[in-house]
Amino acid sequence: MKREDVEEFASSQFEKTSEAMGEFRESAEHARDDVSALFDRPFEPGAKLVRGYSERLEHAADSIGEEDETLAEWAYWASDALDAVSEELAQSSPRELYGKAEDFARAQPVLFAAGAAAAGFALTRFLKSRPPQRKKRARG
């Protein structure tokens with residue numbers, strides 16, 4: 001092989017590699033833009049999930065009714081609070097929610113820390129919980 005052939009081969013490989021890198025950069029930029037757009041839209045799936053819990057609490061409060069008025073009032077209060085959270089999720093993007101949480105943490109650091117600890121405790125309990133075991137029926 002001649003030196004000219006080697007240089008031409010190296011040059012063509014360099015051009016192909018440069019083209020591939022350009023295509024990769026372009027694809028990566030599109031992916032980054034797509035992911036970034038997710039953070040700029042309202043968090044509707046979260047809003048639906050919270051709305052469902054709110055509705056369940058309201059139904060529970062309705063069924064408790066006069067049996068335990070205090071418990072029913074707490075359930076209605078919790079349902080209303082979840083409705084407010086659901087509305088906030090439906091109207092705000094994750095980026096906006098993060099900003100609001102950050103502002104609240106700066107304005108009320110003790111309350112924010114207590115809320116974060118309570119949420120962490122509740123999440124840990126939820127994740128450690130197991131579904132009830134089904135009894136196996138003997139077949140005979």
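Among contacts in the protein between residues at least 6 apart in sequence, what percentage join residues at least 24 apart? In this predicted model, the share is 62% of the contacts between residues at least 6 apart. The legends below begin with the whole chain and then turn to single residues.

**Figure 1. Overall view of the predicted model, an arrangement of five helices without strands.** Followed along the sequence, the protein reads α-α-α-α-α, with five helices and zero strands in total. The C-alpha trace spans about 95 × 65 × 25 Å along its principal axes. The radius of gyration of the protein is 28 Å, whereas a compact globule of 140 residues would have a value near 14 Å. Of the 140 residues in the protein, 11% are buried.

**Figure 2. Surface and charges of the protein.** The accessible surface amounts to about 12400 Å², and carbon and sulfur atoms account for 58% of that area. The protein carries 20 positive and 28 negative charges, and the mean position of the positive charges lies 13 Å from the mean position of the negative charges.

**Figure 3. Close-up of W74 and W77 in helix 3.** The protein has two aromatic pairs in total. One of them is formed by W74 and W77, whose rings meet edge-to-face, at 5.7 Å centre to centre and with 75° between the planes. Both tryptophans belong to helix 3, which covers residues 69-91, and they stand three residues apart, about one turn of the helix. Are these two residues buried or exposed? W74 has a relative accessibility of 56% and therefore counts as exposed, and W77 is likewise classed as exposed because its relative accessibility is 55%, the cut-off for this class being over 50%.

**Figure 4. Close-up of V35 in helix 1.** V35 is found in helix 1, the element made of residues 3-38. Its relative accessible area is 44%, so V35 is described as partly exposed. The view may be extended to S79, which lies 44 residues from V35 along the chain, with 32 Å between the C-alpha atoms of the two residues.

**Figure 5. Close-up of G52 in helix 2.** G52 is part of helix 2, which runs over residues 44-64. With a relative accessible area of 19%, G52 is classed as buried, because that class takes in values under 20%. H30 and G52 are 22 residues apart along the chain, and their C-alpha atoms are separated by 34 Å.

**Figure 6. Close-up of L97 in helix 4 and the residues it touches.** L97 is located in helix 4, which comprises residues 94-107. Its relative accessibility is 21%, and L97 therefore counts as partly exposed, since buried residues must fall under 20%. When residues up to four places away in sequence are not counted, L97 touches E88, L89 and S92. Which distance separates L97 and P42 in space, C-alpha to C-alpha? The two residues are 9.3 Å apart by that criterion, while 55 residues apart in sequence.

Technical notes:
Residues are numbered from 1 along each chain as its sequence is written. This is a predicted model: local features need pLDDT of at least 70, side-chain atom pairs count only at pLDDT 80 or more; totals for chains, interfaces and linings use all residues. Side-chain values use heavy atoms; hydrogens and water are left out. Helices (H or I, at least four residues) and strands (E, at least two) are DSSP runs, numbered from the N terminus. The radius of gyration is taken over C-alpha atoms; the globule rule is 2.2 Å times the number of residues to the power 0.38. Buried means under 20% relative accessible area, exposed over 50%, partly exposed in between (1.4 Å probe, protein chains only). Contact means heavy atoms within 4.5 Å. Accessible areas come from the Shrake-Rupley method with a 1.4 Å probe; for residues, only the protein chains shown count as cover. Lys and Arg count as positive and Asp and Glu as negative; His and the chain ends are not counted. The place of a charge is taken as NZ of Lys, CZ of Arg, CG of Asp or CD of Glu. Rings of Phe, Tyr and Trp (its six-membered ring) pair if their centres lie within 6.5 Å; planes under 30 degrees apart count as stacked, over 60 as edge-to-face and the rest as tilted.
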